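Here is a friendly walk through one protein model. Have a look at the sequence and the structure before reading on.

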Amino acid sequence: MKFTPQHKMDAALMAGASLNTPNNHSIQEQHHRLKDDATVSAYMSQNYISVSVADSVEHVKAQLVNDLKDELIPTYLYVVDKDNYLNGILPVKSLLLADNELFVSDIMRQTFFSVSPEQSRHDVYQLISQSGLDSVPVMHFGKLVGVLRPQDIADLIEDENTLDAQMQGATSPLEQPYLETSPVTLWRKRVVWLLMLFIAEAYTSTVLHAFEDRLEAAISLAFFIPLLIGTGGNSGTQITSTLVRAMALGEVSLRNVWSVLRKEITTSIMVALTMGIAGFIRAWTLGVGMEVMIVVGLTLISITVWSAIVSSIIPMVLKRIGVDPAVVSAPFIATFIDGTGLIIYFEIASHTMSVFA
């Protein structure tokens, strides 16, 4: 069964583009415009083979050979009626193993996974990651309007991973390849996020000002501020990166929050003890007093555990309320831990110093 003009028109309307493009340059422009939409219609292809339930296996085998345009063999053929409503899918493997006397209706599969052209790339990425499918029909009110082929799915996954990587780096995604992007565009993409981080980071100076008297009483406390907040941020970044990836693959969700917390807190306690001992030794090599050495060791333990709790909960909560956890990028987690880590540091210092006073 070949495409009719009506089939092509339906597919073109759903894809938001004309099939009759004049040259490769316009095709690239159209493809780029569609990819910006971040919906299935930007990725789906009209390059698929359709058959009828009444076709014989012998006829479909011959059609498959005639319709192949390159060396890539499709995973499925699509069983449609005269109005292009999808009745089922026909695995090519089943077709090749079937007797020629059988009909498509005898071997087709009537239960199948499908997506709609309006679905977001992010949602479909998660569904495909969980299902492991390499070819997915795209349907609109029961009609087959396109197919996500293996190469289309690969493009979708690559774009979604690129977006996540850019968002985790606290920058807006680029619409063009990096070498084609102007410095002005890079400035525009980065400066908004940097200003937001600057505002969020500004409260750390407020914390330092609030504990100014304690810094003056033991100036050696200031020596360890970069070490302490840096360790907390690094620990949070490790957990956030691992957790966001696990959520993208569908391995964890908010219902697993207690399991995640239990695992991360247990791990962080072991990490914290190691870092606490390392901090204690570092303070000893600088020749500071015993009280400062104890403060540094206890603070590293506390900040590492606190960082694990924050980095485990926030991404899952935001995912639950419909916010992409990649937006809660490592810089934002690190910024939050910086300020709260300083409060932890000075509170521990206050209590420890009073004991040694």
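The report below moves from the overall fold to the salt bridges and then to a nonpolar surface patch.

## The overall picture

Please keep in mind that this is a predicted model. The protein has 357 residues, and 43% of them count as buried. Its secondary structure is made up of 13 helices and five strands.

How do the contacts spread along the sequence? Taking contacts between residues at least 6 apart in sequence, 69% join residues at least 24 apart. As for the surface, the protein exposes about 19000 Å². Carbon and sulfur atoms supply 62% of that exposed area.

## Salt bridges

How many salt bridges does a search of the whole structure find? The search finds three.

Let us begin with Arg121 and Glu160, whose closest N and O atoms are 3.0 Å apart in their salt bridge. Arg121 belongs to helix α6 (residues 121-131) and Glu160 to helix α7 (residues 150-168), so this pair ties together parts that are 39 residues apart in sequence. Are these two partners buried or exposed? Both Arg121 and Glu160 are buried.

Another salt bridge brings together the side chains of Asp152 and Arg149, with an N to O distance of 2.9 Å. Asp152 has a relative accessibility of 6%, and because buried means under 20%, Asp152 counts as buried.

The side chains of Lys82 and Asp83 also meet in a salt bridge, here at 3.5 Å from N to O. Lys82 counts as exposed, at 69% relative accessibility. Asp83 has 36% relative accessibility and counts as partly exposed.

## A nonpolar patch on the surface

Now for a nonpolar feature of the surface. Which residues make the nonpolar surface patch? Ile277, Phe280, Ile281, Trp284, Met290, Val355 and Phe356 make it, and the patch covers about 750 Å². Two elements give two or more residues to the patch, namely α11 (257-285) and α13 (330-356). Of the elements involved, α11 gives the most, with four residues.

Val355 is a good residue to pick out in the viewer, and it is found in helix α13. With a relative accessible area of 65%, Val355 is exposed. Membership in a patch calls for over 30% relative accessible area, so Val355, at 65%, meets that cut-off.

Terms used:
Residues numbered from 1 in each chain as written. Predicted model: local features only at pLDDT ≥ 70, side-chain atom pairs only at ≥ 80, totals over all residues. Heavy atoms only, no water. Buried < 20%, exposed > 50% of the residue type's maximum accessible area, 1.4 Å probe, protein only. Contact = heavy atoms within 4.5 Å. Areas by Shrake-Rupley, 256 points an atom, 1.4 Å probe, with all protein chains shown as cover. Salt bridge = Lys/Arg side-chain N within 4 Å of Asp/Glu carboxyl O. Patch = residues over 30% accessible without salt bridge, like charges linked within 9 Å, V, L, I, M, F, W, Y side chains within 5 Å.
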